[in-house]
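Welcome! Here are some short exercises, each with a worked solution, to help you find your way around a new structure. Try each task yourself before reading on.

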Amino acid sequence: MGIHFRKSRGIMQDFAHSFSLAFQLLWRFDPALGEIVFLSLRVTFAAVLIACVIGLPIGAALAILRFPGRGLFVVLFNTLMGLPPVVVGLLVYMLLSNAGPLGVLQLLYTPGAMIIAQAVLVTPIIVALTQQVLSDLNAEYADTFRSMVVPWHKAAVTLLWDARYALLTVVLAGFGRAIAEVGAVIIVGGNINHVTRVMTTAIALETSKGDLALALALGLVLLMIALAVNAAVMAVRASARRMAYA
Amino acid sequence: MPDPRVLPFPTSPGEARPAARLPLTVRGLGFVADGTRILDGIDLDLTDNRLTVIMGPNGAGKSVLLKLLHGLLPPSAGRILWGGRELDRHTRQRQAMVFQKPVLFRRSVRANLQFAVNLKKSPEATDLLSILMDDLHLNDLADRPARLLSGGEQQRLALARALLLTPDILFLDEPCANLDPASVLLIEETLHKARAGGTKVLLVTHDLHQARRLAEDVVFLHRGRLTEHSDADSYFDAPASPEARAYLAGQILL
């Protein structure tokens with residue numbers, strides 16, 4: 001019992017010390033920390049943007065169009081929402097490696113590779129959730145679209161615009177997946193200091209090195225970003241609901 | 001000086017447009033949903049642009065008939081021809097419909113109307129937009145979200161949006177159900193103007209007073225069958241079918 005107590009006390013002291021160091025790093029706005037945070041945000045925003053550009057139109061088309069095999073696509077994208085990041089990392093690695101079909105691009109171990117891997121992970125989430133959100137709205141609008149003879153692409157734009165506040169939640173889900181992801185980016189990015197080190201890979205590395213302060217500081221930043229983004233989206237949606245646009 | 005009693009549709013204002021005079025011909029029309037026969041053996045000829053009212057008790061199949069005539073539902077049996085042509089998206093482009101429960105886009109009143117203007121792409125549509133906003137008292141509501149409007153305001157907006165499509169035929173499914181008298185009056189005045197502008201109006205209503213005010217001819221449905229189609233005067237003064245007589249007398253029809 002005594003040994004166990006001493007061990008616990010030691011861990012608690014480490015824990016408190018790490019927190020204190022973490023807050024100091026944040027307070028000083030440590031440049032190394034800032035660089036990692038900035039790269040994380042850059043990679044994630046770019047990946048989510050690409051995923052939205054690809055995923056929103058596909059989701060809208062799946063919500064509106066009726067064609068043979070549509071159900072199969074819906075099931076496929078729903079399944080791909082749970083893609084294991086390490087598998088995506090491996091596939092993107094194979095594509096981008098020198099021997100791979102996209103090896104000439106020389107993107108491996110660059111932020112570009114990390115953006116591609118995250119976009120691959122996030123796109124099915126955007127497609128599947130967009131399809132669900134827009135299918136509900138389309139059920140409401142369908143007779144009006146048919147009556148007014150609205151072409152399907154115009155109907156898709158209408159649905160995307162009218163559901164824009166609901167789609168914020170979809171984008172948020174993609175953002176959450178991307179910013180917290182570690183398996184794929186560590187494989188294709190390599191966690192190279194000043195080049196491809198992002199918050200999640202740095203946390204993994206620093207934890208394994210025993211530098212809990214930096215890991216914890218990064219973890220706190222990650223939590224704060226998630227909190228801020230969620231709060232902003234909730235506020236926008238609440239205001240849209242008050243205005244009856246959501 | 002344009003006649004304020006006429007909705008100045010782009011083509012030949014004041015005249016019944018040729019397309020509206022095309023006969024709408026229904027032969028042996030039937031509709032079955034989930035094994036239930038909703039409509040059966042409907043024969044109907046609508047040959048001019050008079051304002052036609054469709055009446056009948058609940059469950060008679062009035063709304064389904066309207067959707068079939070507009071091409072929103074495929075018939076289970078029979079044919080519908082408009083000017084000798086089968087219904088398709090091209091014929092539907094020259095028609096419009098106002099639903100019993102208006103479906104409005106999650107946008108402002110003006111944006112809902114602008115959607116129809118953009119769809120029509122006619123240069124006169126902008127003029128028509130301001131006329132309809134005046135006629136249906138929508139100017140003060142222009143920047144409000146459509147879904148926050150009252151029932152009457154929503155229905156006026158739905159009617160304005162439908163008329164912006166300058167339809168040759170306008171279908172209305174109980175557009176005045178549960179509306180206050182002021183909204184009913186605005187809608188009826190606008191329907192008269194549309195009719196004078198050359199639009200064929202087909203209206204489903206349960207309101208006998210409204211039917212008397214508006215109808216030029218009446219189609220009566222009972223249990224999915226057409227029991228009478230006659231001029232409004234004959235229908236209200238001396239209905240030919242026992243079902244229509246019972247309905248007008250306020251008797252419960254089963």
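**Exercise 1. Contacts along chain A**

Among contacts in chain A between residues at least 6 apart in sequence, what percentage join residues at least 24 apart?

Solution. Keep in mind that this is a predicted model. Step one: set aside pairs in chain A that are fewer than 6 positions apart in sequence. Step two: of the contacts that remain in chain A, 79% link residues at least 24 apart. Step three: try chain B in the same way, where the share is 69%.

**Exercise 2. The make-up of the two chains**

Task: describe the helices and strands of each chain, then its extent and burial.

Solution. Start with chain A, which has ten helices and zero strands. Read from the N terminus, its elements run α-α-α-α-α-α-α-α-α-α. The C-alpha atoms of chain A fill a box of roughly 75 × 50 × 40 Å along the principal axes, and 36% of its 246 residues are buried.

Now turn to chain B, with ten helices and ten strands. Its C-alpha atoms occupy a box of roughly 50 × 40 × 40 Å, again along the principal axes. Of the 254 residues in chain B, 47% are buried.

**Exercise 3. Chain B as a globule**

What radius of gyration would a compact globule with 254 residues have, and what does chain B have?

Solution. First take the expected value: for 254 residues, a compact globule would come out near 18 Å. Then take the value for chain B, which is 18 Å, so the two agree.

Next, look at the annotated part of the chain. An unreviewed UniProt entry carries the annotation "domain: ABC transporter" for residues 24–248 of chain B. Over residues 24–248, chain B is 37% helix and 27% strand, and the end C-alpha atoms are 27 Å apart.

**Exercise 4. Where the chains touch**

How many residues does each chain bring to the contact?

Solution. Chain B gives 17 residues and chain A gives 14 residues. On the side of chain B that touches chain A, helix H3 (89–92) and strand E6 (95–98) each supply at least two residues. Sorted by class, that side of chain B has ten nonpolar, two polar and five charged residues.

**Exercise 5. Two positive phi angles**

Task: locate Phe29(A) and His137(B), and say whether each is buried, partly exposed or exposed.

Solution. Begin with the general rule: most residues other than glycine have a negative phi. Phe29(A) has a positive phi of about 50° although it is not a glycine. Phe29(A) sits in the loop between helix H1 (2–28) and helix H2 (31–64) of chain A. Because 9 other C-beta atoms lie within 10 Å, Phe29(A) is exposed.

Repeat the steps for His137(B), whose phi is near 55°, also a positive value. His137(B) belongs to the loop between helix H5 (125–135) and helix H6 (151–163) of chain B. With 14 other C-beta atoms within 10 Å, His137(B) counts as partly exposed.

**Exercise 6. Confidence in chain A**

Which element of chain A has the lowest mean pLDDT, and which has the highest?

Solution. Chain A averages a pLDDT of 91, and 94% of its residues score at least 70. Among its elements, H1(A) has the lowest mean, 67, and helix H5 (residues 111–148) of chain A the highest, 97. Over residues 1–8 of chain A the pLDDT is below 50, and this stretch has zero contacts in the model beyond near neighbours in sequence. Where pLDDT is low, the predicted coordinates should not be read in detail.

Key: Residues are numbered from 1 along each chain as its sequence is written. Chains are lettered from A and ligands numbered from 1 in the order in which they are written. This is a predicted model: local features need pLDDT of at least 70, side-chain atom pairs count only at pLDDT 80 or more; totals for chains, interfaces and linings use all residues. UniProt positions are given in the numbering used here, feature names are shortened, and annotations may be inferred rather than shown by experiment. Helices (H or I, at least four residues) and strands (E, at least two) are DSSP runs, numbered from the N terminus. The radius of gyration is taken over C-alpha atoms; the globule rule is 2.2 Å times the number of residues to the power 0.38. A residue is buried if 20 or more other C-beta atoms lie within 10 Å of its own, exposed if 12 or fewer, and partly exposed in between; C-beta atoms are placed from the backbone. Two residues are in contact if their C-beta atoms, placed from the backbone, lie within 7 Å. Ala, Val, Leu, Ile, Met, Phe, Trp, Tyr, Cys and Pro count as nonpolar, Asp, Glu, Lys and Arg as charged, and the others, Gly among them, as polar. pLDDT is the predictor's confidence in each residue, from 0 to 100.
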